[in-house]
Amino acid sequence: MCIAVFMWEAHPAYPFLLFLNRDEYHRRPTKALGWWEGGEILGGRDEEAGGTWLACTKDGKFAFLTNFREVQSIPQAKSRGELPVRFLQSKKKPMDFAEEFVKKADQYNGFNLLIADIHSKSMVYITNRSGGDKTLVTEVSPGIHVLTNAALNSPWPKAQRLVRNFKELMKTYSEGEFPMKEMVDKLMMDTTKVNDESLLPHIYSPATEYSFSSIFIDTERPLGRYGTRSTSALHVKSSGEVYFYEKHLEKDLWKEKTVTYQIEK
């Protein structure tokens with residue numbers, strides 16, 4: 001399912017700061033954070049379909065994705081994980097890419113896609129589930145935003161809790177470097193569930209909605225164990241330095257990897 005909280009162009013030293021949980025079946029083959037073949041794209045990789053949920057490039061482009069929670073799906077739809085890759089491999093700025101891509105958005109099941117370019121200070125949100133299955137393209141405003149499996153900034157209880165906790169941490173760490181690993185543990189490992197059924201989205205069964213109502217998910221589904229497979233923390237400094245940290249499950253053990261690099265001008 002995935003959930004992310006991020007700050008865009010709202011901090012003097014960090015134009016971009018992101019925390020993201022990837023939720024998936026534990027049996028789905030996945031490659032951990034690393035540089036892809038060719039050395040231009042950095043991110044984790046879904047080895048089943050070849051795409052990604054979060055990745056970036058040496059020239060300062062970023063993309064991340066969540067699925068849209070819905071009951072019905074297109075049987076032969078293209079893999080949504082290819083969407084971030086398509087942007088990162090293109091030479092287009094976010095809005096130019098989005099306006100051209102809109103024509104093909106109906107080939108995918110419901111998605112939320114955020115694409116950004118540090119050099120042009122542009123971030124664009126694309127979803128093909130904007131009322132009546134229409135595609136929406138909009139520029140993301142500076143500030144703090146949250147993305148779950150509904151439209152950007154939808155007030156789901158866990159989204160509101162994540163934003164609230166993020167804002168509190170930003171006050172705590174208002175000066176100096178952000179302790180990213182510590183922030184991951186405080187923000188993204190939260191297993192608090194929503195007990196008031198009336199607050200849940202009512203898309204899946206009450207039992208499923210309850211199991212998905214926490215920021216960190218770990219549950220059993222008919223097809224096997226499902227939940228938060230990895231947590232990513234990423235920031236870009238105004239100097240162009242990128243810090244990308246991933247904490248991921250590998251054979252029931254949590255492993256960590258950090259990659260830093262300088263954005264090419």
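**Strand pairing, helix packing and local environments in the predicted model**

Strands E11 (residues 218–221) and E12 (residues 224–236) are paired in the antiparallel sense, the pairing extending over 4 bridges. The two strands, E11 and E12, make up a hairpin in which 2 residues lie between them, and within this arrangement Arg221 has Gly224 of E12 as its bridge partner. The structure described here is a predicted model, and the local features reported rest on residues with pLDDT of at least 70.

An open sheet is formed by 7 strands, arranged in the order E3-E4-E5-E6-E7-E8-E9 with antiparallel pairing. Its edges are strand E3 (30–35) and strand E9 (136–139), each of which pairs on one side only, and the twist from one strand to the next averages 15°. Helix H1 (residues 82–89) packs on this sheet, where it touches strand E4 (41–46), strand E5 (54–57), strand E6 (61–67) and strand E7 (111–117), and the direction of H1 makes about 165° with that of E6. Helix H2 (residues 94–101) likewise packs on the sheet, touching E7, E8 and E9, and the direction of H2 makes about 20° with that of E8.

Strand E8 (residues 122–127) pairs with the edge strand E9 in the antiparallel sense over 4 bridges, and Thr127, which is found in strand E8, has Leu136 of E9 as its bridge partner. Thr127 has a relative accessible area of 1% and is therefore buried, the cut-off for that class being under 20%. When neighbours within four places in sequence are left aside, the contacts of Thr127 are with Phe68, Phe111, Asn112, Lys134, Thr135 and Leu136. Two of these residues also take part in polar interactions of the threonine side chain: the side chain of Thr127 reaches the backbone oxygen of Phe111 at 2.9 Å, and a polar contact of 3.3 Å joins the side chain of Thr127 to that of Asn112. With respect to a residue elsewhere in the chain, the C-alpha atom of Thr127 is separated by 24 Å from that of Ser205, which lies 78 residues away along the chain.

A further packing arrangement involves helix H3 (residues 157–172) and helix H4 (residues 180–187), whose axes come within 10 Å and cross at roughly 145°. The crossing in which H3 passes H4 is right-handed. On the H3 side the contact is made by Leu162, Asn165, Phe166, Leu169 and Met170, which meet Met183, Lys186 and Leu187 in H4. By residue class, the contact of H3 with H4 comprises 6 nonpolar residues, 1 polar residue and 1 charged residue.

The loop between strand E13 (241–250) and strand E14 (253–262) contains Lys251, and Asp252 also lies in the loop between E13 and E14. Lys251 has a positive phi of about 55° although it is not a glycine, and for Asp252, likewise a residue other than glycine, phi is positive and near 70°. The relative accessibility of Lys251 is 79%, so this residue counts as exposed; Asp252, at 57% relative accessibility, counts as exposed as well. The cut-off that applies to both assignments is a relative accessible area over 50%, and these loop residues thus stand in contrast to Thr127 of strand E8, which is buried at 1%.

Technical notes: Residues are numbered from 1 along each chain as its sequence is written. This is a predicted model: local features need pLDDT of at least 70, side-chain atom pairs count only at pLDDT 80 or more; totals for chains, interfaces and linings use all residues. Side-chain values use heavy atoms; hydrogens and water are left out. Two strands pair if DSSP finds at least two bridges between them. Axes are lines fitted to C-alpha atoms, for helices over the stretch in contact, and angles run from 0 to 180 degrees between N-to-C directions. Contact means heavy atoms within 4.5 Å. A crossing is left-handed if the near helix is turned anticlockwise from the far one by less than a right angle, and right-handed if clockwise. Ala, Val, Leu, Ile, Met, Phe, Trp, Tyr, Cys and Pro count as nonpolar, Asp, Glu, Lys and Arg as charged, and the others, Gly among them, as polar. Buried means under 20% relative accessible area, exposed over 50%, partly exposed in between (1.4 Å probe, protein chains only). A polar contact is a pair of N or O atoms within 3.5 Å; within protein, one must be able to donate a hydrogen and the other to accept it, and residues adjacent in sequence count only if both atoms are side-chain atoms.
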